[in-house]
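Here's a walk through one protein model, piece by piece. Keep the 3D view open and click along as you read.

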Amino acid sequence: MARESSRPGITDVAKLAGVSLSTVSRAMNGNPTVDPALAERVRAAAAELGYTANPVARSLVLGRTQTVAVVIPDLENPTFQAILRGLSRAATADGYHVLVADSREDLDEEHALARATRLRTDGVILCAPRMPEEELATLLPALSPAVVINRGPQISAPVVGADYGSGMREIVDHLTSLGHRRLVYLAGATRSVTHKARQDAIAAAVSGFDRLDRLEVEEITAGVDFDSGTAVADQVLASGATAVIAYNDLVAMGLLSALTVRRVEVPGQLSITGFDDIPSAAYTSPPLTTAAVPAVDLGAAAWAAMHAQLTGGEPTPALTLTPTLVVRGSTSAPRED
């Protein structure tokens, strides 16, 4: 014979408080229509019995899951990890859970994950820098409420992002101030809006030099991970450049590793810069000059924009955070032959 559960239920609370089941439900869920004295009586009865509401049942009553989904392109990337850290900490402080989905840089998977996770959550925070503009515009209404990370302000949802163009311009200005005039840009996710921002900043820097003091920047398609930087080492050396701007720190670190094997001195023979300032960037040999993206703050800002929608707060305007140049040992003036 099955044993009866000794766990108190909503019926026990209603009986002890002398109220209906619906009153207990509304009181425990914070419904403001319940008389304050009655609500306090229900809470006291629940506390005396040790009753806690079933979260699944509570979700059914409220029509909310207290969970939001975050869809990112690559969970192994330390920058996305930092965004998640800032977001999850802020969400937890507000009593929400975060469901993380990794699209593995697959646009079709990104679409499917965004739609599937929205069915199980109260909203979606989408980090989709590679998704074409028209596809994103079509997808967003099905995800509402939604927040988008690292896209342009024309998106029909709150957007938070970093000013990658500003960060890239600071890197170029740093290298040219040291005397470098032949640079290589290792392009990463070429379909990404953040890649376009980097390209535009480089083009603006090149156009700012006159014909007597010309700046040359060669673009080499690489990738977004460590192996991408390693794979293009010979192309970089063949370019004749004196400095390299990598798409991100992982690519820069891969290149740095390959150059070490080839006994190329950095920064003596070739200066290298990254982008993002992931934690390990300060511990390479030499330490990596980079543009620090406030990724944790980006995550917290994305949550604030989502929370405002979930709670009926004021709509959050587009927010752009500015990277900061961090100069370390991987850059110096070009060696004079």
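## A strand to start with

Let's begin at A69, which stands opposite L99 in strand β2. This is a predicted model, so treat everything below as a reading of that prediction. The strand that A69 belongs to, β1, covers residues 67-72, and β1 pairs with β2 (residues 97-102) in the parallel sense over 6 bridges.

Is β1 covered or open? Mostly covered: 6 of its 6 residues are buried. T67, A69 and V71 point one way from the strand, while V68, V70 and I72 point the other way, and all are buried.

## Two nonpolar cores

In soluble globular proteins, nonpolar side chains tend to be buried together. Here the largest nonpolar core has 45 residues, and the ones with the most contacts inside it are I125, M168, I245 and W303. Helix α13 (residues 295-310) gives the most to this core, with 8 residues. A second core, separate from that one, has 24 residues, including L186, V236, A246 and L255.

W303 is a good one to click on. Which residues does W303 contact once its neighbours within four places in sequence are left aside? They are V68, L87, A90, A91, D94, Y96, I125 and L310. V68 takes us back to β1, where it is one of the buried residues, and I125 is another of the residues with the most contacts inside the largest core.

## Helix α3, one side in and one side out

Helix α3 runs over residues 36-49, so to speak a 14-residue helix, and reaches 20 Å from its first C-alpha to its last, close to the 20 Å expected at 1.5 Å a residue. Its buried residues are A39, V42, A45 and A46. Why do they end up on the same side of α3? Because they cover an arc of only 125° around the axis. An α-helix has 3.6 residues a turn, so residues three or four places apart point the same way. The buried residues of α3 pack against α1 (10-17) and α2 (21-28), while the face turned away from the buried side carries the exposed residues P36, A37, A47 and E48.

Both ends of α3 have something to look at. At its start, a side-chain oxygen of D35 reaches to within 3.1 Å of the backbone nitrogen of A37. Just after the helix, G50 takes a positive phi of about 75°.

Another glycine, G18, sits in the loop between α1 and α2. G18 is exposed, with a relative accessible area of 58%. G18 and V42 of α3 are 24 residues apart in sequence and 8.6 Å apart in space, C-alpha to C-alpha.

## Helix α9 and its threonine

Now on to α9 (residues 193-207), which has 15 residues and reaches 21 Å from its first C-alpha to its last, close to the 21 Å expected at 1.5 Å a residue. Buried here are T194, H195, R198, A201, I202 and A205. They cover an arc of only 125° around the axis, which puts them on the same side of α9. What do these buried residues pack against? Helix α8 (164-177) and the strands β6 (182-187) and β7 (216-221).

T194 is worth a zoom. It is buried, with a relative accessible area of 7%, and a polar contact of 2.7 Å joins its side chain to that of S192. Not counting residues up to four places away in sequence, T194 touches N150, Y164 and Y247.

## T290, a buried threonine in a strand

T290 is found in strand β10 (residues 290-292) and is buried, with a relative accessible area of 0%. Where do its polar contacts go? The T290 side chain makes one with the side chain of D249 (2.7 Å) and also reaches the backbone nitrogen of D277 at 3.4 Å. Leaving aside its neighbours within four places in sequence, T290 is in contact with D249, G274, F275, D276, D277, T324, L325, V326 and R328.

## One last loop

Finally, G240 lies in the loop between α11 (233-239) and β8 (243-246). At 37% relative accessibility, G240 counts as partly exposed. The C-alpha atoms of G240 and L270 are separated by 9.6 Å, with the two residues 30 apart along the chain.

Note on methods. Residues numbered from 1 in each chain as written. Predicted model: local features only at pLDDT ≥ 70, side-chain atom pairs only at ≥ 80, totals over all residues. Heavy atoms only, no water. Core = buried A, V, L, I, M, F, W, Y, C linked by side-chain atoms within 4.5 Å. Buried < 20%, exposed > 50% of the residue type's maximum accessible area, 1.4 Å probe, protein only. Helix = DSSP H or I, 4+ residues; strand = E, 2+ residues; numbered from the N terminus. Contact = heavy atoms within 4.5 Å. Expected span 1.5 Å × (residues − 1). Arc of directions from axis to C-beta. Polar contact = N/O pair within 3.5 Å; in protein donor to acceptor, adjacent residues only side chain to side chain. Pairing = 2+ DSSP bridges.
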